Amino acid sequence: MIKFTIITLFQEALEPYLKTSMMWKAVDKGLAEFDFVNLREFGLGPHRSVDDTPYGGGDGMLMRCEPVFNAIESVKAKDPDVKVIIPTPAGETWDQKMAQKLAETGTDKNAHYIIFCPHYEGYDERILSICDYKVSLGKYVLTGGELPALIIIDSVVRLIPGVLGGEQSAAIESFSDGDNIEYPQYTKPYDFRGMTVPDILLSGNHGEIKKWREEHSKKAK
Ligand code: SAM
């Protein structure tokens with residue numbers, strides 16, 4: 001079982017996705033658990049402030065250390081083994097191998113991860129000292145850590161055995177073997193606007209179909 005505790009100011013942005021499709025099924029089957037910590041509850045002063053202006057000047061606001069450390073430490077107080085993930089453009093680029101590594105920690109045993117979702121112009125650099133994994137989603141800038149959190153969770157949870165329908169699904173799909181991209185797939189109708197399905201897939205010859213699929217798998221660019 002894998003558990004994700006998400007520290008965010010925007011729980012409402014995450015909840016609908018986690019209650020849908022495979023994520024919901026994973027929870028229903030007892031293979032995953034999601035919970036939220038509202039960072040605002042750890043905010044400072046009467047306005048429960050969580051951000052402030054950057055030293056040295058510049059645009060925007062940064063998330064302050066105190067609320068973030070206090071929120072993370074409130075989870076650690078209940079589970080000292082919990083690991084902390086921060087989405088950041090400065091992190092290691094997230095890929096299938098990293099998703100597999102995390103999924104393995106929640107396969108046949110219990111694993112617990114916090115994902116802290118920064119927002120605004122980012123976070124005080126000292127927050128990195130309490131994070132175990134720094135993860136980039138790629139070379140573009142998002143508004144906050146919420147979308148990265150969903151991508152990390154989705155890509156990990158679907159790899160926990162029992163979450164997907166067919167046990168082979170995750171083992172043979174794109175990136176399961178490094179840079180492979182899955183072979184082309186077709187469903188009905190056979191002929192759609194003159195585009196037909198390769199006849200080999202209708203042949204019933206499993207050996208030839210396997211060969212065709214191997215030949216038509218690609219390497220990622
Ligand atoms: N000022 C920051 C910079 O120039 O790198 C961008 C801050 S961004 C608006 C707010 C937060 O969104 C980031 O601190 C990070 O947590 C998250 N974020 C944005 N893009 C990301 C990416 N490509 N990968 C991971 N997290 C990202």
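**Figure 1. Gly-145, tucked into a loop.** At 3% relative accessibility, Gly-145 counts as buried. This is a predicted model, and here we zoom in on the loop between β7 and α5, where Gly-145 sits. Which residues does Gly-145 contact, leaving aside its neighbours within four places in sequence? They are Pro-87, Cys-117 and Pro-118. For a sense of scale, pick out Ala-99 as well: Gly-145 and Ala-99 are 46 residues apart along the sequence, and their C-alpha atoms are 17 Å apart in space.

**Figure 2. The ligand and the residues around it.** There are 19 residues around the ligand, and the ones that come nearest are Pro-87, Glu-121, Leu-137, Tyr-140 and Leu-142. Start with the backbone of Pro-87, where an N or O atom lies 2.6 Å from a ligand oxygen. Over at Glu-121, a backbone N or O atom is 2.9 Å from a nitrogen atom of the ligand. Leu-142 joins in with a polar backbone atom, 2.9 Å from a ligand nitrogen. On its own the ligand has 580 Å² of accessible area, and the protein covers 82% of that. Two elements give two or more residues to the shell, namely β5 (83-93) and β7 (133-136). Strand β5 has the largest share, with three residues. What is the shell made of, sorted into nonpolar, polar and charged residues? Eleven are nonpolar, seven are polar and one is charged.

**Figure 3. Ser-136, a buried serine in β7.** Strand β7 holds Ser-136. Is Ser-136 buried or exposed? Ser-136 is buried, because its relative accessible area is 4%, and the cut-off for buried is under 20%. A polar atom of the Ser-136 side chain lies 3.1 Å from the backbone nitrogen of Gly-138. If you skip residues up to four places away in sequence, Ser-136 touches Thr-88, Pro-89, Gly-91, Glu-92, Thr-93 and Trp-94.

**Figure 4. The largest nonpolar core.** In soluble globular proteins, nonpolar side chains tend to be buried together. The largest nonpolar core in this model takes in 34 residues, and Ile-2, Phe-4, Ile-153 and Val-157 have the most contacts inside it. Plenty of elements chip in: β1 (2-8), α1 (11-18), α2 (21-28), β2 (32-38), α4 (96-105), β6 (111-116) and α5 (146-157) give two or more residues to this core. Helix α5 gives the most, with six residues. For a good place to look, try Ile-153: setting aside neighbours within four places in sequence, Ile-153 is in contact with Phe-4, Ile-6, Leu-18, Met-23, Phe-34 and Ile-115. Apart from this core lies another, of 21 residues, including Cys-65, Val-68, Ile-86 and Ile-127.

**Figure 5. Asn-180, a buried asparagine in β8.** Asn-180 belongs to strand β8 (residues 180-181). Asn-180 counts as buried because its relative accessible area is 13%, with the cut-off at under 20%. What lies 3.3 Å from a polar atom of the Asn-180 side chain? That would be the backbone oxygen of Glu-173. Not counting residues up to four places away in sequence, Asn-180 touches Ile-172, Glu-173, Ser-174, Phe-175 and Lys-218.

**Figure 6. Some backbone oddities.** Three spots get a close-up of the backbone here.
- The peptide bond from Lys-188 to Pro-189 is cis, with omega near 5°. Pro-189 is in the loop between β8 and β9 (191-192).
- Ser-21 isn't a glycine, yet has a positive phi, near 50°. Ser-21 is part of helix α2 and counts as exposed at 51% relative accessibility.
- Asp-108 also has a positive phi in a residue other than glycine, near 65°. You'll find Asp-108 in the loop between α4 and β6, where it is exposed, with a relative accessible area of 81%.

**Figure 7. Stepping back to the protein chain.** The chain has seven helices and eleven strands, and its C-alpha trace spans about 70 × 40 × 30 Å along the principal axes. Of its 221 residues, 39% count as buried. The chain exposes about 13300 Å², with carbon and sulfur atoms supplying 53% of that area. Among contacts between residues at least 6 apart in sequence, 72% join residues at least 24 apart.

Definitions and conventions: Residues numbered from 1 in each chain as written. Predicted model: local features only at pLDDT ≥ 70, side-chain atom pairs only at ≥ 80, totals over all residues. Heavy atoms only, no water. Near = heavy atom within 4 Å. Polar contact = N/O pair within 3.5 Å; in protein donor to acceptor, adjacent residues only side chain to side chain. Areas by Shrake-Rupley, 256 points an atom, 1.4 Å probe, with all protein chains shown as cover. Helix = DSSP H or I, 4+ residues; strand = E, 2+ residues; numbered from the N terminus. Nonpolar A, V, L, I, M, F, W, Y, C, P; charged D, E, K, R; others polar. Core = buried A, V, L, I, M, F, W, Y, C linked by side-chain atoms within 4.5 Å. Buried < 20%, exposed > 50% of the residue type's maximum accessible area, 1.4 Å probe, protein only. Contact = heavy atoms within 4.5 Å.
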